[in-house]
Structure formats: C-alpha cells, structure tokens
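I opened this entry to record what I looked up, item by item. The topics are the symmetry, the chain contact, a helix pair and the DNA surface.

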Protein chains: 2
Amino acid sequence: MARKKEYIEEEVIEKAMELFWRNGYESTSVRMLEKEMGINQFSIYSSFGNKKGVFLRSIDCYKRKAKLELIDKLKNSSDGVKSIKQYFYDFINFSKDSRLNKGCLITNTVNELGEKADQEIMSEIVNFATNVKTLFIEKLELDNLKTAEIINKQANYLMVSLQGLSVASKMFNQGELDDFIENTFENL
Amino acid sequence: MARKKEYIEEEVIEKAMELFWRNGYESTSVRMLEKEMGINQFSIYSSFGNKKGVFLRSIDCYKRKAKLELIDKLKNSSDGVKSIKQYFYDFINFSKDSRLNKGCLITNTVNELGEKADQEIMSEIVNFATNVKTLFIEKLELDNLKTAEIINKQANYLMVSLQGLSVASKMFNQGELDDFIENTFENL
DNA sequence: ATTAATACTAAGCAATCGCTTAGTTATTTT
DNA sequence: AAAATAACTAAGCGATTGCTTAGTATTAAT
C-alpha cells in the first residue's frame, strides 16, 4: 500500500561489492557507495541498515558470484588434484582487474581487518574458508592412496597457498604466478 | 641556537611503525599516531612532513628491524634451502602479535593499497621484495645442481609462498601454518 | 477522493579526518 | 641581558566520515 522501490537490492549490492572488492572496507565511503550504487544514502540505510550491512550483503553477493564462476566448476570436476590446480588458475582470471588483480574479497578483508574484524563479518569469512577447504579435501580424497592425515595437511597447505596467490596477484606478474602454481602442485 | 627536541625521531617512529603494522595505513589516524608516539601533531608534522612521511620512515624502520631480526640470519647462513625454510618459521615469530599474527608490514601495505598505492610507497615495497628474492636466489644457488631457470622459478614460488604465509598467519593456527611450510619445502 | 504507508530528495547532524597556525617556552648566540 | 631561533601547547581550519531527519512524491487500500 505504498510507493515502490526504484532499484533492485541485488543489483545495487553487486555494484557495492565491486567497490569493496577494489577498495577494501574502510576505504570505501558511504558517498562512494551512493554514487556507485546509484541510489541515495537514505535508500542505502533503509535497505541495508548501515555500512556494515551493505558489506555483509556484499560478501553474500561475492560468495554467490564465486560459486557460479569458480566453485561449482571445481565441485563438478572429478580430476582430483588437477582440478584444484585449475581452480587456482581460474581464480586469477576471476579476480582480474586491470593490469593487476584485486585478489579475493574474503582474503582482502582478513588482511585488512585482521582479528579486530567484527564478529558477524568474521563468521562469514570463516564460513567461506571452511567451504573451500572442505571442497579441497573432497577432491584430494579422489586419490585413494592418501591417508586422512595427509589429506588434511595438504588441504591446509592449499588454503594458505591460495591466500598467497590472492595477495601476490596484486603485485606479481602472470609468469611469476605461474611459477608459483606449478611449484605448488609439484608434489601433491 | 634554539630549543632542543624532547624526543628522538627514531624512537617515536618505531612506535608509529608498530601502529601501522597492526592497523594498516588508512586505519591509522594522526590522532592515534599522536598518542602512540607520545608527541604533539605539530612535532609529527615538523619532523616528518605529513602522514605519508611518517609511514615512509616507518617502512624504513621496519626494514631495519627485519634485517636485524630476520634477514641477517638468513644472509649469514650457508644451509641453502634449509635456511630459507628456517626463515619462514622465523618470520612467524617475528610477526607474532597476540594469539594471531600481524603479518608483514610490506605485504599488508600491498594488500591494502594495491596498485593505487603512492609512487614513493610502492618503490619502497618493490625494493624490499627485490632484496628478499635476491637473497632467496643466493641461497638456492648453494645447491649447484640447479639451473638458473629453475632457481628463478623457485624463487618466485618462495616469494608468493611467503606472502601467503603473511596473510594466512592472521587467520590460521600454528599447526596449519606448519603444514604449509613443510609442504612448501617438500620438493625444493 | 481520502487516507495511510512507503520511497524518494536534500539538507544537515556530530565526530573525525589530515593538517595549520597563533601564542608560549626553552635554548643558544651575540 | 637582549635578540634570534626553534620546539612546544592547544585551538581550530575546511573537508569528509557514517548516519539522520524534515519535507515531498508516489503508491495502494479504503
């Protein structure tokens, strides 16, 4: 019984997510969000509560995007370790910006906020990381020669490696990143 | 022919560096620097010009600290790859904060500012990274079975791995980091 | 058509940002 | 002792931060 919204929340959140992805949390101001999302501050606050609310929805949006463009492919593969390696290469393309990359939004957030991150934000982060690790374990298990202990160690190794790739992709060129990925999977 | 400074620049910069290390560049305000350094804003600006000036001097301080507590040990070792592995373990202790770690100031800065980082800041970063890589190459060369090409690839691999360790140490526990380091050096 | 509910615009809130400046205090040279 | 120089204190600069609110426009139910 009232006026309709002139925007679709999912649409404007995707733009907010892109902005957070490129700039980080603190460096993205509400004025910047206003411009990028194309709606007034009033609308931002009435739809998402506060800046943190916009960010949490942005993380959600990132997760969905990553699932569609990245994670589902790995999930559906039966190539074992090889498919994880492909995931690493896919990630570089996924996070490509201009000449350099913008990393992984989740990794960027951990790096920026560290342990002083908000509880809700941190739990979103941990949840995402857990999902990826579980998926890695699943794929490593396809090689049935490995014990559960070795699989867990290798999954930890791959998780840290992936974070490294995320940061390094902001600074190193494709060749250096290739060297990294090739070496990473040499002994798995 | 005038009044003496009541502080030693190197001393207050070390405190500034610690603050930047824990909080990042943007999240560290001049008011916070004031309190931590124990001097007035006037003194900060008269000694270091501006916030960026404080940061550049902080990077310098970080480099000196890292050299003393970390890099010199590697430099003086003749253990080849093994000494690089030890460097990785030493780094974790070097960057230890409370329960989690604060990473590497240089890596943190790349991750926060990305390619939009100031020219001067970026050149300090690249300079530091180049030094570390050169040192890795030096140590890898002690194993005289390796070709120059392989050594360069492995050095790239180690550089990215080290960045990964820096970020991951903010989120993962010691056991997970150990898994990473052990796997990293498995095939070198 | 009137009323109620919601979405918009735009102005403005207190707080904080990086930085400056007026005024005072301490030290050295003359 | 007087003058010159520089380091201090503290107040305040304009701009920007996250967020709110008064006023208006639009929609739907009555």
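## Symmetry of the two chains

I began with the superposition, noting that this is a predicted model. A turn of 180° with a shift of 0.0 Å along the axis lays chain B on chain A, and the RMSD is 0.1 Å. I therefore entered the relation as that of a two-fold axis. I then looked up which C-alpha of chain B lies nearest the axis: B:Gly164 has it, at 1.5 Å. I also checked how far the contact residues of chain B recur in chain A, and the figure is 100%. The same surface thus serves both copies.

## Contact between chains A and B

How many residues does the contact take from each chain? I found 34 residues from chain B and 34 residues from chain A. For the side of chain B that touches chain A, I listed the helices that each supply at least two residues: H6 (105-113), H8 (148-168) and H9 (174-184) of chain B. H8(B) gives the most to that side, with 11 residues. By residue class, I noted 14 polar, 11 nonpolar and 9 charged on the side of chain B that touches chain A.

## Helices H1 and H4 of chain A

Next I turned to a helix pair within one chain. Two packed helices are described by the angle between their axes and the distance between the axes, so I looked up both. The axes of H1 (residues 9-23) and H4 (residues 51-76) of chain A come within 8 Å, and they cross at roughly 95°. Angles of 65 to 115 degrees count as roughly perpendicular, which means that H1(A) is roughly perpendicular to H4(A).

I wrote down the residues that meet. From H1(A) they are A:Ile13, A:Glu14, A:Ala16, A:Met17 and A:Phe20. From H4(A) they are A:Val54, A:Phe55, A:Arg57, A:Ser58, A:Cys61 and A:Tyr62. The contact of H1(A) with H4(A) divides into 8 nonpolar residues, 2 charged and 1 polar.

## Surface near DNA strand C

Which residues come nearest to DNA strand C? Of the 23 residues around the strand, I recorded A:Ala2, A:Glu6, A:Phe42, B:Ser29 and B:Lys51 as the nearest. I then looked for the helices that each supply at least two residues of the surface near DNA strand C, and found H3 (41-48) of chain A together with H2 (30-37) and H3 (41-48) of chain B. H3(A) provides the largest share of this surface, 4 residues. The residues of the surface near DNA strand C divide into 9 nonpolar, 7 polar and 7 charged.

Notes
Residues numbered from 1 in each chain as written. Chains lettered and ligands numbered in written order. Predicted model: local features only at pLDDT ≥ 70, side-chain atom pairs only at ≥ 80, totals over all residues. Near = placed C-beta within 6 Å. Nonpolar A, V, L, I, M, F, W, Y, C, P; charged D, E, K, R; others polar. Contact = placed C-beta atoms within 7 Å. Axes fitted to C-alpha atoms, helices over the stretch in contact; angles between N-to-C directions. Parallel < 35°, antiparallel > 145°, perpendicular 65-115°, else oblique. Least-squares fit on C-alpha atoms with pLDDT ≥ 70 in both.
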